[in-house]
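Open the model in your viewer and keep the selection box at hand. The tour goes from one stop to the next.

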Amino acid sequence: MRTITTTEDLAAFCSRAQEAPYVTVDTEFMRERSYYAKLCLLQMAIPGEGEDTAVLVDPIEGDLDLDPLYALFRDQSTVKVFHAARQDLEIFYVDAGVIPTPLFDTQVAAMVCGFGEQVGYETLVRKIAKAGLDKTSRFTDWSRRPLSEAQKAYALADVTHLRAIYEHLSARLAETGRDRWVAEEIAALTDPETYELRPADAWKRIRTRNDQPRFLAIVRELARFREAYAQARDIPRNRVFKDDALLEIASSKPRDMKELGRLRLLLREARKGEIAEGILAAVKAGLECPEDELPRVDRSRDKAQPNPALADLLRVLLKAKTESAGVASKLIAPAADLDAIAAGERDLPALTGWRREVFGEDALRLCEGRIALAAKGRNVQVIDLE
């Protein structure tokens with residue numbers, strides 16, 4: 001197993017990869033003690049046999065920069081192949097503002113090809129590459145050095161088997177004409193907006209049953225402060241204060257250090273210094289937020305009552321269509337979207353693009369009473385009523 005530790009060797013391999021039709025890529029990273037993921041190891045492989053076609057790149061033990069890698073990622077002649085790419089791509093975007101293109105995600109492709117919901121890499125290795133994986137190094141500390149031979153073998157397998165998986169899935173997509181479907185899904189992965197972590201939007205991740213605008217304004221300001229503080233110091237947001245503490249603060253609305261000190265769920269470090277001052281300032285900002293700037297939860301979908309019978313029929317239709325097409329049903333429409341369609345909503349992903357071809361067109365016809373469903377043996381048939 002070859003491990004690259006210099007920029008010169010990385011550039012040489014990336015130059016070879018730029019001459020290949022594709023390169024498979026994976027990362028090992030840690031983020032338990034930081035806000036941003038820390039790249040610990042990079043794995044790459046190009047088509048062919050031999051040790052020189054698959055390498056490990058060690059950014060910790062080595063003395064290198066990743067500029068040659070980013071040049072490869074920008075090269076449009078080589079497809080960059082990942083499995084479940086979202087977190088890997090975030091690392092590169094945060095580090096250098098680079099998103100690998102053209103991109104192929106085997107998890108997305110596998111869902112389109114009927115391998116199930118969010119199929120795991122191990123399953124694809126077993127079903128397509130006809131191989132097994134040694135999982136003993138899965139939960140390892142990738143930041144520690146030296147790496148064992150078992151760790152290196154485990155990491156390298158994440159890109160060597162990926163070659164066979166990519167070739168199989170890309171050929172299957174070409175045969176079925178579904179490569180366009182995958183391209184639509186991957187567009188979200190290559191959109192920089194996917195990786196923007198804005199403190200002003202952090203409150204939207206907080207789960208609360210209280211939807212009062214003034215309460216939400218305080219939640220928004222507390223989440224904004226916490227996110228900005230964690231980003232600036234590169235620490236996990238929960239190290240500042242946890243979500244349950246945030247909601248306790250928003251409910252209690254402390255106005256000074258004494259009131260802040262009475263809270264139960266706040267960590268000791270957050271009861272003094274910059275964090276405590278930031279909390280009090282956030283509460284004050286939420287309380288003083290002008291009425292027309294208060295956040296409000298969109299309840300438009302709640303008001304629209306779905307027809308339960310129609311929603312059930314849409315579920316039957318979706319199951320029939322996805323089984324016939326050999327595609328994962330959750331990739332087309334989650335249960336909440338089926339209820340929304342039954343309630344009359346039309347601005348939904350299931351009714352656009354390739355999803356409309358597979359399911360959306362008939363879903364609308366079902367809602368309009370233009371088709372019916374009938375059981376024939378173990379199958380469901382669509383009957384045209386026009």
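Select Arg16. At 34% relative accessibility it counts as partly exposed; that class runs between buried (under 20% relative accessible area) and exposed (over 50%), with a 1.4 Å probe and protein chains only. Now add Asp52. The side chains of Asp52 and Arg16 meet in a salt bridge, 3.8 Å from N to O. A salt bridge here is a side-chain nitrogen of Lys or Arg within 4 Å of a carboxyl oxygen of Asp or Glu. Asp52 lies in the loop between β3 and β4 (54-57) and Arg16 in helix α1 (residues 7-17), so the pair ties together parts that are 36 residues apart in sequence. Helices (H or I, at least four residues) and strands (E, at least two) are DSSP runs, numbered from the N terminus. Asp52 is partly exposed as well, at 38% relative accessibility.

A note on the model before moving on: it is predicted, local features need pLDDT of at least 70, side-chain atom pairs count only at pLDDT 80 or more, and totals for chains, interfaces and linings use all residues. Residues are numbered from 1 along each chain as its sequence is written, and side-chain values use heavy atoms, with hydrogens and water left out.

**More salt bridges**

The structure holds 27 salt bridges. Select Arg180 and Glu357. Their closest N and O atoms are 2.8 Å apart, in a salt bridge. Arg180 sits in helix α7 and Glu357 in helix α17 (residues 353-367), so this pair ties together parts that are 177 residues apart in sequence. Arg180 is partly exposed, with a relative accessible area of 39%.

Next, pick Arg198 and Glu193. They form a salt bridge too, with the closest N and O atoms 2.9 Å apart. Arg198 is partly exposed at 38%, and Glu193 is partly exposed at 47%.

Then select Lys321, Asp362, Arg365 and Asp384 together. Salt bridges link these four in a network.

**The loop before β5**

Go to Thr78, in the loop between α2 (67-74) and β5 (79-82). Is Thr78 buried or exposed? With 0% relative accessibility, Thr78 counts as buried. Show its surroundings. Beyond residues up to four places away in sequence, Thr78 touches ten residues' worth of neighbours to click through, including Ala17, Tyr22, Leu72 and Pro102. Contact means heavy atoms within 4.5 Å. The side chain of Thr78 reaches the backbone oxygen of Ala17 at 3.1 Å. Measure across to Val23: Thr78 and Val23 are 55 residues apart in sequence, but 6.9 Å apart in space, C-alpha to C-alpha.

Step back to Asp75, in the loop between α2 and β5. Which side chain of opposite charge is nearest to Asp75? Lys80 is, at 5.6 Å; Asp75 is buried yet has no salt bridge. For charge, Lys and Arg count as positive and Asp and Glu as negative, while His and the chain ends are not counted. Add Gln18. A polar contact of 2.8 Å joins the side chains of Asp75 and Gln18. Such a contact is a pair of N or O atoms within 3.5 Å; within protein, one must be able to donate a hydrogen and the other to accept it, and residues adjacent in sequence count only if both atoms are side-chain atoms. Asp75 also touches Thr101 and Pro102.

**Helix α3 and two cis bonds**

Select residues 86-96, helix α3. Its buried residues are Asp88, Leu89, Glu90, Ile91, Phe92 and Tyr93. They pack against several elements, among them β2 (22-30), β6 (103-105) and α7 (179-189). Gly97 follows α3 and has a positive phi, near 70°.

Move on to Thr101 and Pro102. A cis peptide bond joins them, with omega about -10°. Pro102 lies in the loop between α3 and β6. Another cis peptide bond joins Arg145 and Pro146, with omega about 5°. Pro146 is in the loop between α5 (121-129) and α6 (149-176).

**Residues 212-293**

Select this range. UniProt places the feature "domain: HRDC" here, from an unreviewed entry. Over residues 212-293 the chain is 67% helix and 0% strand. Inside the range, click Asp234, in the loop between α8 (213-233) and α9 (237-240). Asp234 has a positive phi of about 50° although it is not a glycine. Most residues other than glycine have a negative phi. Lys253 has a positive phi as well, about 55°.

**Last stop: the hairpin**

Select β7 (residues 371-376) and β8 (residues 379-384). They pair in the antiparallel sense over 6 bridges; pairing needs at least two DSSP bridges between the strands. Leu373 stands opposite Val382 in β8. The hairpin has 2 residues between its strands, and Gly377 in the turn has a positive phi of about 65°.

Technical notes. UniProt positions renumbered as here; feature names shortened; annotations may be inferred.
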